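Here's my note on the model you asked me to look over. Have the picture open as you read, since I hop between a few spots.

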Amino acid sequence: MKNSVIRALTLWSAVASTARHRFGCIEQKPNPKRRRRFALPAHSTILTLFGTLLSIFFLSCKTGDASLGMTQSPLFTQAPGPAITVTGGPSDVVVGDMNKDGKPDLVVTSGQARTITVLLSAGGSDARFRGTGSTLTVSDSPGEMVLGDVNGDTNPDLAFVTHDSYGVTILLGDGKGGLALAANSPIVMKEGQHPHTHGLAMDDINRDGKLDLVTVNNEDNDVSVAFGDGRGNFTNAAGSPFAVGPSPYPLALGDVNNDGHPDIVATTTATGQRRAQQLPFSRALTLLLANGRGGFRSSLLPLRTGQPWFVVIGDVNGDRKPDLMATHHDQSALTVLLGDGNGSFKEASASPFDFGHAAYHMVLADVNHDGKPDAIAAAGDGVRVMLGDGRGGFTTAPHSPFVTGKGTWRLALGDVNGDGRVDVITANTESNTVGVLLGR
């Protein structure tokens, strides 16, 4: 009888442990200091004991004790050593191999100092950067930037926009970490009276094998497209600029209807001078479906929450169809729109989710190694992470937020220490630093 009870208790323990993991509960490790001796129950009380254990198990699952979740290891740890100092208000950062040594380097814009700084990787597991490949002073305060080979020499080049200009400045890379102003720079994306550029992207819009430019004109409520010739020259696309919603901010590029052409998704922040008139129209994203020749067909994607700020494209529910996610101006909301693969979207039933703090620039990546995309967002003085469940749902990651520095508005992803895990790099404007969070 005694042996049968022991076998039954052992079996129940195994079942409970398996069920806890399957239902997402986390078991606490036993504390040897709290062990107590007890007499084995009589045969008539075994079912009562099992029922009690079952009730405790499901109660712990239902309550979702936060203290249990916090026993998990943090997803990120600070890179060893002091933060990287970049003076002049670092406002944006991108990751790329600027000197073609196979190691990811950093490029940082400093808006106040009007500089572009290249930080070359020293390699190794500590993610150190050995110094600057170049620091270039530019005539206007640099804003958003992207990397790409625009002149066909296999070296990464840099394009950046300026807040109060319709131009895109092109800096040609020398493959050694240096950058130099292109002779035909800046590229004027449109003619107008209210320059206010708040977004830049680079992709092959017309599918000719050459990189093109897309900019967001916040005050004019439109986006501009210019086609590249593969030698560093650009020509404005016919029909450009293309109208979008009020006060657009940085856009997303991606093929949302599976026709092989990159489409444009623009936000509607309603933050312009006509804010009161714009707000009623801010509960939507603007989708521009590309025809592959440089033209677009416009449609609106309704949202439950107004003023979408940053938007990203990715498959968050595992159906192999592109979905959309957006942060919102001065709000903690995270909106999820599920796509049907044909260019139509419907907001997820539980959307919006809550970052717990106003979030800005956002990216998608699997940071907890479960094969499901997670949301990583810059959030003022740190990085906030929401873990995806693979069905379009998101919950706050244990130990989120991750402290970076004051003025964290922009971030980038890359494996900067070569361990195969996703790392997060942040531009911390008010701290004059660049932060590095190493994935675990």
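What follows is a set of numbered points, starting with the whole chain and then moving to particular places.

1. First, a caution: this is a predicted model. Please keep that in mind for the angles and distances below.

2. The big picture is strands. The secondary structure comes to 32 strands and four helices. Of the 440 residues in the protein, 52% are buried. The exposed surface is about 20,300 Å², and carbon and sulfur atoms supply 52% of that area.

3. On contacts: take those in the protein with a separation of 6 or more, and 48% of them are between residues 24 or more positions apart.

4. One sheet to look at is an open one of four strands, in the order E17-E18-E19-E20, with antiparallel pairing. Which strands sit at its edges? They are E17, residues 252-254, and E20, residues 296-302, and each of them pairs on one side only. From one strand to the next, the twist averages 20°.

5. Zoom in on the E19 and E20 end of that sheet. Strand E19 covers residues 284-290, runs antiparallel to E20 and is joined to it by seven bridges. If you want one pair to find on screen, try threonine 286, whose bridge partner in E20 is leucine 300.

6. Now the loop between strand E15 (234-236) and strand E16 (242-243), where you'll find alanine 238. Is alanine 238 buried or exposed? Its relative accessible area is 69%, over the 50% cut-off, so alanine 238 counts as exposed. Its C-alpha atom is 8.7 Å from that of valine 225, and the two residues are 13 apart along the chain.

7. Proline 241 is also placed in the loop between E15 and E16. The peptide bond leading to proline 241 from serine 240 is cis, with omega near 5°. Another cis bond runs from serine 185 to proline 186, again with omega near 5°. Proline 186 lies in the loop between strand E10 (179-181) and strand E11 (187-188). These are worth a glance because most peptide bonds are trans.

8. Next, serine 247, in the loop between E16 and E17. Serine 247 is not a glycine, yet its phi is positive, at about 55°. For background, most residues other than glycine have a negative phi. How accessible is serine 247? Its relative accessible area is 1%, so serine 247 is buried.

9. Asparagine 432 also has a positive phi of about 55° without being a glycine. You'll find asparagine 432 in the loop between strand E31 (423-428) and E32. With a relative accessible area of 28%, asparagine 432 is partly exposed.

10. Finally, threonine 433, which belongs to strand E32, residues 433-439. Why does threonine 433 count as buried? Its relative accessibility is 13%, and the cut-off is under 20%. Which residues does threonine 433 touch, leaving aside its neighbours within four places in sequence? Its contacts include Ala83, Ile84, Thr85, Val86 and Pro90, and also Thr426, Ala427 and Asn428.

Terms used:
Residues are numbered from 1 along each chain as its sequence is written. This is a predicted model: local features need pLDDT of at least 70, side-chain atom pairs count only at pLDDT 80 or more; totals for chains, interfaces and linings use all residues. Side-chain values use heavy atoms; hydrogens and water are left out. Two strands pair if DSSP finds at least two bridges between them. Helices (H or I, at least four residues) and strands (E, at least two) are DSSP runs, numbered from the N terminus. Axes are lines fitted to C-alpha atoms, for helices over the stretch in contact, and angles run from 0 to 180 degrees between N-to-C directions. Buried means under 20% relative accessible area, exposed over 50%, partly exposed in between (1.4 Å probe, protein chains only). Contact means heavy atoms within 4.5 Å. Accessible areas come from the Shrake-Rupley method with a 1.4 Å probe; for residues, only the protein chains shown count as cover.
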